[in-house]
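Hi,

Here is the structure I promised to send over. Have a look at it first, and then read on for what turned up in it.

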Amino acid sequence: MAVRKLAPENMQPESFVLSQETEAFADKEIAKYPPGRQASAVIALLTKAQEQAGGWLPRKAIEAVAAKLDMPIIRVMEVATFYTMFNLEPVGKYFIQFCGTTPCVLRGAGDIKKVLEHRIGDQNHVTADGNFSWLEVECLGACSNAPMVQINDDYYEDLTTENFEKLLDDLAAGRPVKVGSQIGRNSSEPFEAVNTLKDPALYDGSIVGAWRKRFEEQAKAAETGEAAAAVASVPQEAKAAKPPSGRATESDAADTPAKRAKEGEKLIHPADQKDAADPSKATKVEPKEKGAQPAPQSGKSYVATPTKEGQAVPASPTTPEAGTSPSQAEARRDGSESKPGVTVDKDNKSS
């Protein structure tokens with residue numbers, strides 16, 4: 001994206017004051033938003049200020065909008081310099097935006113550009129009478145009616161060098177001009193003779209639903225043909241057998257508890273019951289190796305015990321102290337460990 005800057009200081013007006021019409025418009029726009037959200041109206045106010053200034057935004061106009069919305073000037077400046085719909089330099093009374101992208105070029109936009117350069121001059125140049133200036137822009141979205149230009153707020157399409165020259169002459173003379181197609185085309189209808197959608201039945205309602213009926217008949221015929229072909233390929237003995245219907249668990253071919261219960265048989269198949277009672281088929285659990293030691297455990301306790309400030313933290317009764325063998329720790333837990341001069345049994349009796 002090209003860098004967009006404000007017009008030089010020698011082009012800037014000394015002051016800009018919002019007109020009564022612009023002030024009323026601004027108050028109406030600001031009222032659409034909740035209190036404190038008046039900045040949401042910045043684009044609408046900049047557009048109105050540009051209209052008041054003659055089609056472009058001077059620095060003072062941007063500052064006036066910022067003051068009206070109680071916004072920092074740089075914030076409003078960011079919006080004005082970002083959106084290309086805001087003109088930062090003076091433009092002519094009729095500001096022409098020329099589309100030079102591929103669809104228009106393929107339809108003769110190069111010739112229209114030559115007319116602009118011959119009649120007006122270079123881009124961004126305003127004619128001496130102040131009537132015209134032009135700028136080449138990206139696609140304006142009227143590709144089917146190319147080549148085209150936008151003059152102020154209106155589109156002028158299906159341009160040729162002849163009708164474009166006449167259009168500029170009429171604008172300069174103040175004569176009324178025709179907006180839209182310059183060759184009489186209605187909207188985006190075909191350029192030449194209409195060769196599609198010519199059947200009157202498309203418009204009298206006589207074929208409403210006919211397409212759907214046709215598709216349904218074709219689908220039914222296809223299904224019937226596939227079924228007939230499938231039946232023809234099945235052997236005669238298979239045709240005599242009754243094919244299963246429904247889910248596999250509901251068919252007669254599946255040997256399920258539900259089927260056995262329905263027929264009055266035992267739910268558990270005798271063969272399965274015999275296998276379950278056979279010890280030789282039971283799941284075997286490998287015994288642990290004799291003398292195998294458990295994995296070493298950490299002597300550190302990860303359970304915090306609440307204490308008062310300055311009080312020592314007691315050792316966990318289930319956590320062996322450092323240097324304590326597993327057998328000593330086990331003796332402490334069941335109360336059978338003896339201390340010098342003291343005999344402790346499991347009933348907590350000492351002697």
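**Around F132**

Leaving aside its neighbours within four places in sequence, F132 is in contact with G92, K93, Y94, I96, I120, H125, V126, T127, L168, L171 and A172. Please keep in mind as you read that this is a predicted model.

F132 also has a place in a wider group. The largest nonpolar core has 25 residues, and those that touch the most other members are I96, F98, L116, F132, V149, I151 and F164. Two or more residues of this core come from each of β1 (94–99), α6 (109–119), β2 (132–137), β3 (149–151) and α7 (161–173). Apart from this core lies another one, made of 24 residues, including L6, A49, M77 and A80. As background, nonpolar side chains in soluble globular proteins tend to be buried together.

**A lysine to look at**

Next, try finding K48, which sits in helix α2 (residues 42–52). Is K48 buried or exposed? Its relative accessible area is 14%, and the cut-off for buried is under 20%, so K48 counts as buried. Not counting residues up to four places away in sequence, K48 touches E21, T22 and F25.

**Two pockets**

Now for the open spaces. The largest pocket has a volume of about 600 Å³. It is lined by 23 residues, and R4, T84, N124, L135 and E136 are the closest to its centre. The elements that give two or more residues to this lining are β1 and β2. Of these, β2 provides the largest share, with five residues. Sorted by class, the lining of the largest pocket has 13 nonpolar, five polar and five charged residues.

The second largest pocket holds about 430 Å³ of space. Which residues lie nearest the centre of the second largest pocket? They are Q50, M85, N87, N152 and D153, out of 17 that line this pocket. Here the elements that give two or more residues are α2 and β1, and the largest share, three residues, comes from α2. By class, the lining of the second largest pocket divides into four nonpolar, 10 polar and three charged residues.

If you would like a path through the structure, start at F132 in the largest nonpolar core, go on to K48 in α2, and finish with the linings of the two pockets. Happy exploring!

Best wishes

Methods. Residues numbered from 1 in each chain as written. Predicted model: local features only at pLDDT ≥ 70, side-chain atom pairs only at ≥ 80, totals over all residues. Heavy atoms only, no water. Core = buried A, V, L, I, M, F, W, Y, C linked by side-chain atoms within 4.5 Å. Buried < 20%, exposed > 50% of the residue type's maximum accessible area, 1.4 Å probe, protein only. Helix = DSSP H or I, 4+ residues; strand = E, 2+ residues; numbered from the N terminus. Contact = heavy atoms within 4.5 Å. 1 Å grid on protein atoms, 1.4 Å probe; cavity = no way out; pocket = protein on both sides within 12 Å on 5 of 7 lines; lining within 4 Å. Points joined across faces, edges and corners; volume = space filled by probe spheres on them. Nonpolar A, V, L, I, M, F, W, Y, C, P; charged D, E, K, R; others polar.
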